[in-house]
Amino acid sequence: LAFLCADLDIDFITVDMDPANSRRAARMFKRLALPFRSVTAKGEDYLSAFEGLIDYVFLDAYDFDHGQHSELRQSRYTQFLGGRISDSECHQMHLDCARTLVTKLAPDGLICFDDTWTDEGGAWMAKGTTAMPFLLSNGFTIVEARNHAALLGRPNFPRGTYPTTTS
């Protein structure tokens, strides 16, 4: 994502609740001479405090409980978020981000949820369980949903104008 943003001259900020992850990202940006920032914060807090409009958001934040998280990962959640990974906290965090993005996402902005899909009955699962229905009921439309991710925008966004790169 950072390289794509550099190619497209888009500012890139990565936010993580774990300072070790933030430090790794900052070192990577420095090593690769990328002019981006790494912030240690809870994603929902960062978005809430952000001033201005946001163009693109990739939400790959608080994990859902798929039963295969390592004890190290669980301990980081306990240390920095006060408890082990839980679906209810995952759903609340993503809903909090969605509520903020309704007002802070640029009119032509895009939101991408990772680890999000629908079940056989059409209900949103994993990270998008509560956030996806909320956004869809607040004027967002699905641009693309595949590979356990969903891309949303507002209906007035002209389709077919997404940035592209060549290799």
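**Chatting through a sheet, a helix and some salt bridges**

Colleague: Which residue in β8 is the bridge partner of A145?

Modeller: A150 is the bridge partner of A145 there. Keep in mind that this is a predicted model.

Colleague: And how do β7 and β8 run, parallel or antiparallel?

Modeller: Antiparallel, with five bridges joining β7 to β8, which covers residues 149–153. The two strands make a hairpin with two residues between them. One thing to look at in the turn is N147, which has a positive phi of about 55°.

Colleague: What sheet does that hairpin belong to, and in what order do the strands come?

Modeller: It's an open sheet of four strands, ordered β3-β4-β8-β7, with mixed pairing. β3 (54–59) and β7 (141–146) are the edge strands, each pairing on one side only. On average, neighbouring strands are turned by 10° against each other, ignoring direction.

Colleague: What about the other end, how do β3 and β4 pair?

Modeller: Parallel, over five bridges, with β4 spanning residues 105–114. If you want a pair to click on, I54 has L105 in β4 as its bridge partner.

Colleague: Switching to helices. Where does H94 sit, and is it buried or exposed?

Modeller: H94 is in helix α5, residues 87–104. H94 counts as buried because its relative accessibility is 0%, and the cut-off for buried is under 20%.

Colleague: So what does the H94 side chain reach?

Modeller: The backbone oxygen of C90, at 2.8 Å. Leaving out residues up to four places away in sequence, H94 touches L59, A61, Y62, F113, K127 and A131.

Colleague: OK, salt bridges. How many are there in the whole structure?

Modeller: A search turns up nine. One of them links the side chains of K42 and E44, at 3.7 Å from N to O. K42 is partly exposed at 35% relative accessible area, while E44 is buried at 16%.

Colleague: What does R84 pair with?

Modeller: E71, with the closest N and O atoms 3.1 Å apart. R84 is in the loop between α4 (71–81) and α5 and E71 is in helix α4, so this pair ties together parts 13 residues apart in sequence. R84 counts as partly exposed at 46%, and E71 as exposed at 52%.

Colleague: Back to α5 for a sec: which residue does R99 bridge to?

Modeller: D96, at 3.9 Å between the closest N and O atoms. Both lie in α5, three residues apart, about one turn of the helix. R99 is partly exposed at 43%, and D96 is partly exposed at 26%.

Colleague: Which residues do shared salt-bridge partners join into a network?

Modeller: D60, D63, R73, D115 and K127. You've met K127 already, as one of the residues H94 touches.

Methods. Residues are numbered from 1 along each chain as its sequence is written. This is a predicted model: local features need pLDDT of at least 70, side-chain atom pairs count only at pLDDT 80 or more; totals for chains, interfaces and linings use all residues. Side-chain values use heavy atoms; hydrogens and water are left out. Two strands pair if DSSP finds at least two bridges between them. Axes are lines fitted to C-alpha atoms, for helices over the stretch in contact, and angles run from 0 to 180 degrees between N-to-C directions. Buried means under 20% relative accessible area, exposed over 50%, partly exposed in between (1.4 Å probe, protein chains only). A polar contact is a pair of N or O atoms within 3.5 Å; within protein, one must be able to donate a hydrogen and the other to accept it, and residues adjacent in sequence count only if both atoms are side-chain atoms. Contact means heavy atoms within 4.5 Å. A salt bridge is a side-chain nitrogen of Lys or Arg within 4 Å of a carboxyl oxygen of Asp or Glu.
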